[in-house]
Amino acid sequence: MLAPLGHRVPVVVNYDSFTILPPLLDTYSNMVQGLKRRFYSRVTRYGTGGLLKARLESGGGKTPV
């Protein structure tokens, strides 16, 4: 859907009411980072769950303290 555009686009992500099982968090984070590198020029995330948002904004890895 985005690849044919030929350029990256800004995106807004809503994480309200989003849940994920802890064993899937690393895989999900890696997938999000890949999408960010390939398709997104800027990412704005919002939601009530600050830990997931912070982890994804930092580029994955272990949850920031």
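In this predicted model, Tyr15 has a relative accessibility of 7% and counts as buried, because the cut-off for burial is under 20% relative accessible area. Phe18, with a relative accessible area of 32%, is partly exposed. The rings of Tyr15 and Phe18 form an aromatic pair. Their centres are 5.2 Å apart and their planes meet at 80 degrees, an edge-to-face arrangement.

A second ring partner of Phe18 is Tyr28. This pair is tilted, with 5.3 Å from centre to centre and 35 degrees between the planes. Phe18 is located in the loop between strand E1 (9-14) and helix H1 (25-39), whereas Tyr28 belongs to helix H1, so the pair ties together parts that are 10 residues apart in sequence. Tyr28 is buried, at 18% relative accessible area. A search of the whole structure gives 2 aromatic pairs, and ring pairs join Tyr15, Phe18 and Tyr28 into a cluster.

Tyr15 and Tyr28 also belong to the largest nonpolar core, which has 6 residues. Its other members are Leu25, Val32, Leu52 and Leu56. Helix H1 and helix H2 (50-58) each supply at least two residues of this core, and the largest share, 3 residues, comes from H1.

Val32, a member of this core, is in contact with Tyr15, Arg45 and Leu56 when its neighbours within four places in sequence are left aside. Of these contacts, Tyr15 and Leu56 are also listed among the core residues.

Conventions
Residues numbered from 1 in each chain as written. Predicted model: local features only at pLDDT ≥ 70, side-chain atom pairs only at ≥ 80, totals over all residues. Heavy atoms only, no water. Phe/Tyr/Trp six-rings, centres within 6.5 Å; stacked < 30°, edge-to-face > 60°. Buried < 20%, exposed > 50% of the residue type's maximum accessible area, 1.4 Å probe, protein only. Helix = DSSP H or I, 4+ residues; strand = E, 2+ residues; numbered from the N terminus. Core = buried A, V, L, I, M, F, W, Y, C linked by side-chain atoms within 4.5 Å. Contact = heavy atoms within 4.5 Å.
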